[in-house]
Amino acid sequence: MRWSTPGNTPPATAVVAPPPPPPTRPRRRAEHDGTLETAAKQAGVLSAASREVSDTSREAAESLTELRASISDISASTSRASTVAEEAVREAQSVDERIAALQTASESITEMVRLISAISQQSRFLALNAFVEAARAGEVGRGFAVVADEVKQLASRTAQAAEDIGSQIEAVQSETRQAVSAIQRITGTLGSIAEAQDAISAAVDQQRAATDRVVDNVDRAASGSARITDAVAQLADSQRLAYVRRALTTAQDLLDDAGGVELGERTVDLTVRDQATGAAHAATLPELLLGGVPVDRDDDPRRPAPLVDAVVAEVGGSCTLFQRLDATDSMVRATTSVLTPAGRRNIGTYISRTNADGSANPVLAAVLAGQTYTGPATVAGKPFFTAYTGVHSASGELIGMLYVGLPLDEIG
């Protein structure tokens with residue numbers, strides 16, 4: 001069994017109460033019904049379950065808070081996407097308008113080309129007539145015929161150019177019509193995307209509002225669960241405190257009924273081990289007499305142990321009878337119901353007045369001051385809720401102490 005080091009020191013909130021008055025006569029006790037032990041265990045289980053619910057509620061609240069933040073990010077992203085889609089629709093509409101204007105302009109050019117073609121055709125006819133008339137005039141009209149021929153050739157070239165321009169314009173118009181059709185389809189698609197983005201944004205906003213309500217509700221539930229957990233923990237501590245007080249009183253009664261303890265004239269040699277450091281050394285102690293009979297320091301759990309087994313049979317839990325070890329007021333376990341990890345009675349380990357770090361051990365500080373210590377402690381490497389009080393000889397000398405406790409890892 002280990003005791004208070006920085007890893008297993010009982011909390012400073014442990015209760016220190018005056019020891020109960022010694023009984024003036026033996027008391028008769030009812031059969032052990034386990035009521036207080038069961039109540040303490042059930043309160044511990046309820047406390048553990050409530051703490052688990054509280055932790056789960058807190059984790060759920062944290063998760064929902066993260067979900068709310070994610071939904072807010074998604075909402076912002078969908079809003080930006082909607083804005084981009086709307087801008088794309090406007091740009092597509094603007095391109096559509098520009099291409100429509102280009103188509104209108106190309107149609108105007110086509111009309112101009114047709115007019116030029118008509119003028120060129122008319123010019124060729126006029127040039128041909130002029131050439132015929134110049135030929136009739138003979139030598140006089142020869143110069144005019146040359147001019148008329150050049151005019152005819154120019155008109156032909158103009159008509160050919162106009163025809164080429166017309167073909168190119170028709171090609172431009174064909175491509176323009178296809179571009180207009182494509183832009184219209186793109187505009188329709190972007191419009192659908194914009195509508196979908198708006199719908200998504202609205203849905204995400206609704207989801208965010210719903211999540212906000214859920215988060216608020218879970219926050220309130222987590223807060224209420226935490227308050228319930230605190231109340232249940234206080235109830236569990238009260239039940240444990242009631243149990244160890246009654247168990248300690250029963251242990252004291254059984255000790256008195258057995259005739260109390262005294263130190264004998266003979267001595268015993270044994271090896272003791274510091275529960276905090278594990279250091280072992282030899283020690284010579286007076287015999288510890290229980291009702292005038294030397295206490296058997298046997299660690300075999302199959303053999304009955306004096307006093308401690310009777311206490312456990314009556315009130316449950318665990319019990320230890322300590323003997324004062326040395327002038328430094330350490331306390332060594334003489335008989336106990338607490339088992340080591342190896343399954344032996346935890347005999348021979350002792351609690352030093354000071355911890356491994358040099359601090360005062362709160363259990364021994366209370367007992368040596370004539371008080372009863374109650375509170376959490378580490379026993380045989382496990383957390384226990386405990387009570388300790390001093391054991392005195394008939395002359396009033398402090399010669400040991402009594403321990404009772406319940407393992408916290410079994411009751412919450």
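Here's a quick tour of a predicted protein model, going from its overall make-up to its cores, one helix and its salt bridges.

**Overall make-up**

The protein is built with five helices and ten strands. Out of its 412 residues, 39% are buried. If you take contacts between residues at least 6 apart in sequence, 68% of them join residues at least 24 apart. As for the outside, the accessible surface comes to about 22,200 Å², and carbon and sulfur atoms own 56% of that.

**The nonpolar cores**

In soluble globular proteins, nonpolar side chains tend to be buried together. Here, the largest nonpolar core has 28 residues. Val-261, Leu-307, Val-311, Leu-402 and Val-404 are the ones with the most contacts inside this core. Several elements chip in with at least two residues each: helices H2 (142–257) and H3 (308–315), plus strands S3 (280–290), S5 (318–324), S9 (382–392) and S10 (398–407). H2 gives the largest share of this core, with eight residues.

What does Val-261 touch, leaving aside residues up to four places away in sequence? Its partners are Leu-255, Leu-288, Leu-289, Leu-290, Leu-321, Val-391, His-392, Ser-393 and Ile-399. Apart from this largest core lies another one, of 16 residues, with Met-331, Ile-351, Val-363 and Tyr-373 among them.

**A look down H3**

The buried residues of H3 are Val-308, Val-311, Glu-314 and Val-315. Looking down the axis of H3, these buried residues fall within an arc of 130°, so they line one face of the helix. The general rule behind such patterns is simple: an α-helix has 3.6 residues a turn, so residues three or four places apart point the same way. Just after H3, Gly-316 takes a positive phi of about 80°.

**Salt bridges**

Side chains of opposite charge can pair when their charged atoms come close. The structure holds eight salt bridges, including the three below.

| Salt bridge | N to O distance |
|---|---|
| Arg-303 and Asp-298 | 2.7 Å |
| Asp-299 and Arg-344 | 3.0 Å |
| Arg-324 and Asp-329 | 2.1 Å |

Let's take these pairs in turn. Arg-303 is partly exposed, with a relative accessible area of 45%. Its partner Asp-298 counts as partly exposed too, at 21% relative accessibility; the cut-off for buried is under 20%. This pair also belongs to a network of salt bridges that links Asp-296, Asp-298 and Arg-303.

Which loops does the pair of Asp-299 and Arg-344 tie together? Asp-299 lies in the loop between strand S4 (293–294) and H3, while Arg-344 lies in the loop between strand S6 (331–336) and strand S7 (349–351), so the bridge ties together parts that are 45 residues apart in sequence. Asp-299 is partly exposed, with a relative accessible area of 28%, and Arg-344 is partly exposed as well, at 33% relative accessibility.

That leaves Arg-324 with Asp-329. Is each of these residues buried or partly exposed? Arg-324 is partly exposed, at 28% relative accessibility, whereas Asp-329 is buried, with a relative accessible area of 9%.

Key: Residues are numbered from 1 along each chain as its sequence is written. This is a predicted model: local features need pLDDT of at least 70, side-chain atom pairs count only at pLDDT 80 or more; totals for chains, interfaces and linings use all residues. Side-chain values use heavy atoms; hydrogens and water are left out. Helices (H or I, at least four residues) and strands (E, at least two) are DSSP runs, numbered from the N terminus. Buried means under 20% relative accessible area, exposed over 50%, partly exposed in between (1.4 Å probe, protein chains only). Contact means heavy atoms within 4.5 Å. Accessible areas come from the Shrake-Rupley method with a 1.4 Å probe; for residues, only the protein chains shown count as cover. A nonpolar core is a set of buried Ala, Val, Leu, Ile, Met, Phe, Trp, Tyr and Cys residues joined through side-chain atoms within 4.5 Å. The arc is that of the directions from the helix axis to the C-beta atoms. A salt bridge is a side-chain nitrogen of Lys or Arg within 4 Å of a carboxyl oxygen of Asp or Glu.
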